[in-house]
Amino acid sequence: MKNKAALIFGYNDYALEIAKNIQDEYSHIYIFSLHSEEDILKNKSDFEIKSFDLSDKWDYISENIDLENSIAFSVLEDIAENIFLTISLRSSFETLNIIALSNNKETADKLLMAGANKVIPLVQTTAEMISEMMEKPIVKEVFHKILFESGELKISQVKINSSNSYLGKTLSEIDWKVKYGVIVLALVLEDMNSEFIYSSKIKNHIISEGDIFIIVGYETDIIEFEKIIGSRINVHWSHWSR
Amino acid sequence: MGFFSRLIVNLAYFINTSDAYQRKKRFFYDILENNRYPYKKYFDIFMMTLIFLSVAILIAEVKSEVDENIEFFNTYVISIIFFIEYILRFWISSSVTELIINRSEHAAMLGRKFSLWRAILKIIKVKLNFVFSIRAIIDLLAVLPFFHELRLLRLFVLFRVFKLFRYTTSFQTFVSVLSTKKFEFLILLMFSSIVISVSSVLIYVMEANNPNSPINTMFEAIYWSIVTISTVGYGDITPYTSEGRVVAMFVITAGIAVLAFTTSIVVSALTEKLDEIREIKTIDDIRKLKSFYLICGYENVAQEVAQKLKDSPIGIIVLDEDSKRIENAKKDGLVALNYDPGNMRSYKKIGIDLSTQVKAVLCLRESDVENVYTTLTIRSINKDVNIISLLMDDGNRKKLNFAGVNEILYPKGLVGIISKELIGRPVAFEVIHALRNDYYGVNIEEILVDNRMIENTMYVSELNNSRYRVILLGIYKKNKNRFFFNPLDSTILESGDYLLVIGNSVFIKEFEKYLHKKIRT
């Protein structure tokens with residue numbers, strides 16, 4: 001049987017942090033190392049370390065992993081190797097979701113060209129947070145709570161389903177803020193893949209089936225809202241490749 | 001110790017500890033010598049005006065009669081002002097009382113007898129040092145036109161021009177730049193004086209006895225060789241004999257060398273010192289800044305942070321010990337100084353006031369050792385300034401905290417949480433990422449609720465934000481120190497609260513303007 005798994009390439013602090021954070025979502029986490037012998041000796045974490053090289057021999061993965069639902073992280077510290085790895089993975093597995101770590105804009109572009117679905121722009125994100133701390137401390141605090149911490153405030157994606165009394169109405173007509181206690185930040189239209197429209201711009205958008213709403217609210221309110229409006233969805237990863 | 005010496009020492013102690021005396025001395029020191037004293041500028045301008053006036057009067061005097069009053073002003077008033085200045089400088093150049101006290105304490109410590117004569121000798125030596133310094137001599141000569149009856153002494157007015165050096169710092173930097181090439185100038189001087197003396201003797205020997213030659217005296221010979229070696233070559237005196245012309249050829253060749261040498265010395269001195277001069281200018285500018293972020297270390301993260309903070313009204317100063325990284329920072333259009341942020345002397349030299357000028361210190365070296373070191377240095381100077389630091393290895397978190405960092409950012413940990421976010425809610429993550437970066441023209445802003453605003457707007461329901469197509473995400477209540485998401489219409493606004501709003505940047509600006517202008521109806 002093929003497993004749904006998270007494949008992390010590179011054995012380093014990044015890999016361990018990722019593994020720690022996603023272990024609830026994925027039952028199988030494999031860390032692949034270029035220098036497996038020493039790393040296995042050093043390994044103090046609970047995660048399994050496998051070896052790999054950059055020579056396109058991915059027999060293990062193609063035999064054991066359910067590629068559609070798995071995810072790969074390339075977090076090698078050498079940039080060139082990381083790009084090479086991404087290309088190699090993409091050329092072998094067309095449907096695999098690859099998230100790559102980049103340290104600057106240039107590598108980010110190269111990684112996307114190499115076929116990564118998503119790039120984590122580490123330096124930019126860190127810089128963003130620092131500058132936000134300086135200029136907009138409250139915004140930073142609130143975002144951090146919404147995104148990363150297990151606070152009461154949550155952000156969620158809700159898809160509109162067909163049996164819905166709001167279909168055909170415009171956004172400005174409905175006051176969900178008061179009724180359900182949630183704020184619509186943005187929405188993704190069904191025919192557009194990775195464009196957001198912020199709700200401040202779409203006063204007159206007519207709600208139709210398949211729209212995805214990005215809402216912020218308290219956990220309980222969000223669950224309530226989902227029951228009425230549609231279903232919480234996990235957008236499929238392939239939609240996010242550019 | 002004799003009665004007389006004891007009296008002198010007591011007097012010295014009395015004067016040295018007198019507040020009024022020290023205050024006065026301090027004031028005169030500030031106005032004469034301290035470049036950072038704000039009112040020195042006006043004193044300098046005043047003195048420069050006097051100098052230009054007296055030069056103008058000197059020129060006017062040559063061909064026409066000058067009014068008696070002006071004459072009086074020039075000779076007496078200006079001279080007396082200059083004399084007073086000279087006396088004041090003489091006074092503040094060193095402290096007599098301190099010298100006596102030091103001497104007597106020194107003697108007491110060693111158990112020797114205090115010798116008044118020795119102390120006086122020492123005082124005279126120190127004061128003479130001042131009197132014979134070039135600046136003091138120029139100052140004194142500038143006073144001399146006071147005795148204007150001596151015709152020649154009038155020309156000493158020109159010494160007043162030299163005094164200009166005192167009042168303009170750019171002249172001083174120029175002189176200090178040239179003085180770094182003392183050795184080269186000495187060689188040049190020796191070379192040219194040898195050439196001049198040899199050639200003038202030679203030309204005198206060759207030409208003085210020839211009746212057709214214009215060179216008849218040694219003075220004319222020296223004049224000729226100086227005019228020739230400087231490549232000026234008036235041509236009023238030219239060698240007549242062939243031997244003389246051979247000498248001329250040598251002098252002309254030597255002249256080219258002298259000229260080239262002089263130019264190259266000045267140019268090289270200037271280029272070598274150009275960076276230093278620029279740095280002095282930058283430091284001057286920094287001292288005038290009211291508020292800025294201090295970025296210590298200019299690596300990847302720092303570059304991005306600087307880009308993001310660039311548009312903020314608060315300035316950015318970059319410090320790094322590595323000159324290459326400083327070059328990069330300068331290329332990115334930042335104010336950057338090549339000083340070690342982990343060295344206490346750097347802050348003194350630049351004159352940064354950590355408590356009033358610096359809004360936050362960002363330790364952004366990608367090395368925990370450096371960041372801890374910088375933090376400790378800054379903490380040892382100032383206890384309160386806000387310090388934010390990067391953390392590269394989670395094992396060092398404690399050390400940074402102990403050093404006194406207010407906030408820590410751990411990029412590796414960030415990767416973990418971002419990946420979790422990307423797996424669970426990729427779209428939501430994208431939305432917030434885009435919001436933060438203003439990708440679609442939509443932005444999130446904090447609006448401070450001030451007294452004026454609450455005069456007209458008491459409740460959240462009165463904000464009217466939907467009219468401006470602005471979404472109110474929530475309110476940060478200052479007194480409760482808590483963020484209230486999606487506040488009820490009946491929530492009361494108080495001064496010091498912050499509104500978090502999302503919307504098109506232009507609309508947010510309009511909304512903010514409206515809140516300030518609104519009149520309660």
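## Helix α5 of chain A

In this predicted model, helix α5 of chain A spans residues 105-113, and its buried residues are Thr107(A), Ala108(A) and Leu111(A). Looking down the axis of α5(A), you will find these buried residues within an arc of 105°, so they line one face of the helix. Their packing partners are α4 (79-92), β5 (97-102) and β6 (118-121), which also belong to chain A. Turn to the face directed away from the buried side of α5(A) and you meet the exposed residues Lys105(A), Glu106(A) and Met113(A).

Both ends of the helix deserve a look too. At the N-terminal end of α5(A), Asn104(A) acts as a cap, with a side-chain oxygen 3.1 Å from the backbone nitrogen of Glu106(A). After the helix comes Gly115(A), which has a positive phi near 110°.

## Chain A as a whole

Stepping back, chain A contains 9 helices and 11 strands. Of its 242 residues, 57% are buried. Among the contacts in chain A with a separation of 6 or more, 62% link residues 24 or more positions apart. The chain exposes about 11,200 Å², and carbon and sulfur atoms supply 48% of that area.

## The layout of chain B

Chain B is divided into four parts: domain 1 (3-167), domain 2 (182-273), domain 3 (290-413) and domain 4 (425-517). Taken over C-alpha atoms, the centres of domain 1 and domain 4 of chain B are 64 Å apart.

The chain holds 21 helices and 10 strands. Its radius of gyration is 36 Å, well over the 24 Å that the globule rule gives for 521 residues, so chain B is more spread out than a compact globule. Along the principal axes, its C-alpha atoms fill a box of roughly 110 × 75 × 60 Å.

Buried residues account for 44% of the 521 residues in chain B. Of the contacts in this chain with a separation of 6 or more, 63% are between residues 24 or more positions apart. Chain B exposes about 29,000 Å², with 62% of it supplied by carbon and sulfur atoms.

## A buried arginine in a loop

For a closer view of chain B, try Arg365(B), which sits in the loop between β4 (358-363) and α16 (368-381). Its relative accessibility is 13%, below the 20% cut-off, so Arg365(B) counts as buried. The side chain of Arg365(B) makes a polar contact of 2.9 Å with the side chain of Glu299(B).

Setting aside neighbours within four places in sequence, Arg365(B) is in contact with several residues, including the acidic Asp320(B), Glu321(B) and Glu370(B). Also among its contacts are Cys296(B), Gly297(B), Arg325(B), Asn371(B) and Leu390(B).

## Two asparagines with positive phi

Most residues other than glycine have a negative phi. Against that background, two asparagines in chain B are worth finding in the viewer. Asn481(B) has a phi near 55°, a positive value in a residue other than glycine. Its place is the loop between β8 (471-477) and β9 (482-485) of chain B. With 55% relative accessibility, Asn481(B) counts as exposed.

Asn486(B) has a positive phi as well, near 45°. This residue lies in the loop between β9 and β10 (498-504) of chain B. Is Asn486(B) buried or exposed? At 14% relative accessibility, Asn486(B) counts as buried.

How values were computed
Residues numbered from 1 in each chain as written. Chains lettered and ligands numbered in written order. Predicted model: local features only at pLDDT ≥ 70, side-chain atom pairs only at ≥ 80, totals over all residues. Heavy atoms only, no water. Buried < 20%, exposed > 50% of the residue type's maximum accessible area, 1.4 Å probe, protein only. Helix = DSSP H or I, 4+ residues; strand = E, 2+ residues; numbered from the N terminus. Arc of directions from axis to C-beta. Contact = heavy atoms within 4.5 Å. Polar contact = N/O pair within 3.5 Å; in protein donor to acceptor, adjacent residues only side chain to side chain. Domains from an automatic or database assignment. Rg over C-alpha atoms; globule rule 2.2 N^0.38 Å. Areas by Shrake-Rupley, 256 points an atom, 1.4 Å probe, with all protein chains shown as cover.
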